[in-house]
Each structure stands twice: as C-alpha cells, then as structure tokens.
Amino acid sequence: MENRAGCGSYKTAIKNNPLFSICTERCVPCPSLRALHHLPFALCCLVFALCICLFSVASASASDGLTAELKKIKILGNSNAPYRPVVAAFTVETAADALSRRKGLTGREKMNDDHGMLFILDDNYVDVFWMKGMNFPIDILFFDRNRRLIDVFADLSPCSECPFIMPSRPAAYALEINAGMAEKYDIRIGDMFVLENQ
C-alpha cells in the first residue's frame with residue numbers, strides 16, 4: 001500500500017533539487033532520500049572537495065617521499081695529516097622518512113656516477129637493506145653518528161632472490177653510489193663525510 005500522506009510537499013522538494021530529478025508520478029516515501037535532502041548542499045560539496053584535496057596530497061607524497069633539494073656530500077680521507085683530504089664528492093638525494101627509505105633507488109634505470117642517495121637512519125638498531133627491485137649495481141657505505149665510515153658493501157648486483165645487507169653495528173647513515181665508485185676513489189673504513197653548508 002502506498003503512503004500518500006504529505007506526498008505533494010515531498011514531490012515538490014525533490015523536483016526543486018537538481019540532485020533528485022528522478023521523481024515519478026508516484027510518490028513513495030524514501031527515508032534515505034529524505035535524509036539526504038535535509039543535508040545542506042554546500043556542506044556536501046565542501047566535504048567532497050576536502051576529500052579530493054587530501055587524497056591528492058597523500059598521492060603526491062606517496063609517489064616520492066624524497067627531498068627535492070639535492071645536497072653536496074664530500075668524503076674525507078682518513079689521514080694522519082692535520083686535515084683530511086677530500087677523496088670524493090657526490091650530489092645526493094636524502095631519504096629521511098620511512099617511505100623514502102623503503103623506496104630508495106628501486107625502479108630507477110640508472111644514476112650518474114657523481115650522484116647518490118643518502119639514507120638517514122636510526123642508529124638505535126641495525127637497518128637492513130637489499131637489492132630487490134634494483135636495475136643497476138651499487139656500493140653501499142655505512143657511517144656512524146659521527147659520520148665515520150664503518151662498513152663498505154661493494155658491487156652489489158640486482159637480484160631476484162636477494163640476501164639481506166646490514167652493517168656490522170648500528171649505523172646513522174647509509175650512502176648508495178654506483179658500483180665501483182668506492183674502489184675508484186679508494187674510500188676506506190674510517191673516512192668521514194661532510195655535507196656542504198653545514
């Protein structure tokens with residue numbers, strides 16, 4: 001049985017609302033439509049726009065997670081001289097949060113020999129790296145909180161079944177550079193790194 005009580009006013013309200021241009025000749029009360037009709041249209045639009053903005057920001061952050069600013073890093077040799085000579089220099093991206101550290105250089109086709117990626121780690125525990133998803137070989141250099149080199153893993157190749165790579169003790173930084181760069185510049189345990197303008 002149809003409930004026609006208040007049918008005229010309900011039909012008029014639906015006809016005047018562009019979102020509900022589906023009113024037929026029959027007027028059957030619909031609680032869900034009635035509830036939506038009472039929501040302010042402007043509020044609905046505002047909430048929808050806010051959701052779109054938040055989704056766009058989250059997507060943009062998830063797509064990269066790396067600092068856009070490139071930094072210059074210098075490797076200083078471990079020397080008995082009054083000063084440490086510069087043995088190598090690289091332009092690096094910085095991976096400072098969990099998302100960017102997890103992504104790293106994965107998926108990239110190549111990297112210039114004078115470039116690298118510097119990972120900012122938590123030296124309260126030992127971080128684990130691996131080569132899964134990599135497309136080119138690299139060297140990984142691990143440094144302690146004083147920026148002294150504590151471990152070098154050279155010529156790590158892309159793989160499908162990849163072993164874990166971890167320093168011998170907790171590291172505060174890891175520098176990924178192209179394979180062969182550590183040997184080319186004779187980078188050794190005890191060397192240090194500095195960031196320009198710091």
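How many of the 198 residues of the chain count as buried? The answer is 32%, and the views below show where some of them sit in this predicted model.

**Figure 1. The whole chain, with five helices and seven strands.** Let's start with the overall layout. Along the sequence, the elements follow the pattern α-α-α-β-β-α-β-β-β-β-α-β. Among contacts between residues at least 6 apart in sequence, 65% join residues at least 24 apart. The chain exposes about 12500 Å², with carbon and sulfur atoms supplying 58% of that area.

**Figure 2. The largest nonpolar core, built from 19 residues.** Here, F119, F129, M131, I138, I140, F142 and A174 touch the most other members. Strand 3 (115-120), strand 4 (138-143) and strand 5 (149-156) each supply at least two residues of this core. Strand 4 gives the largest share, three residues. In general, nonpolar side chains tend to be buried together in soluble globular proteins.

**Figure 3. A close-up of I138 and its contacts.** Leaving aside residues up to four places away in sequence, I138 touches M131, F153, A154, D155, L156, E176, I177, N178 and A179. Apart from the largest nonpolar core lies another core, of 18 residues, and F90, Y173, I177 and F193 are among them.

**Figure 4. The largest pocket, with a volume of about 390 Å³.** Take a look at the lining: 18 residues contribute, and R101, R102, V128, F129 and W130 lie nearest the pocket's centre. Helix 4 (residues 98-103) provides the largest share of the lining, four residues. By type, the lining residues divide into 10 nonpolar, six charged and two polar. F129 appears in two of these views, as a member of the largest nonpolar core and as a lining residue of the largest pocket.

How values were computed: Residues numbered from 1 in each chain as written. Predicted model: local features only at pLDDT ≥ 70, side-chain atom pairs only at ≥ 80, totals over all residues. Heavy atoms only, no water. 1 Å grid on protein atoms, 1.4 Å probe; cavity = no way out; pocket = protein on both sides within 12 Å on 5 of 7 lines; lining within 4 Å. Points joined across faces, edges and corners; volume = space filled by probe spheres on them. Nonpolar A, V, L, I, M, F, W, Y, C, P; charged D, E, K, R; others polar. Core = buried A, V, L, I, M, F, W, Y, C linked by side-chain atoms within 4.5 Å. Buried < 20%, exposed > 50% of the residue type's maximum accessible area, 1.4 Å probe, protein only. Contact = heavy atoms within 4.5 Å. Areas by Shrake-Rupley, 256 points an atom, 1.4 Å probe, with all protein chains shown as cover.
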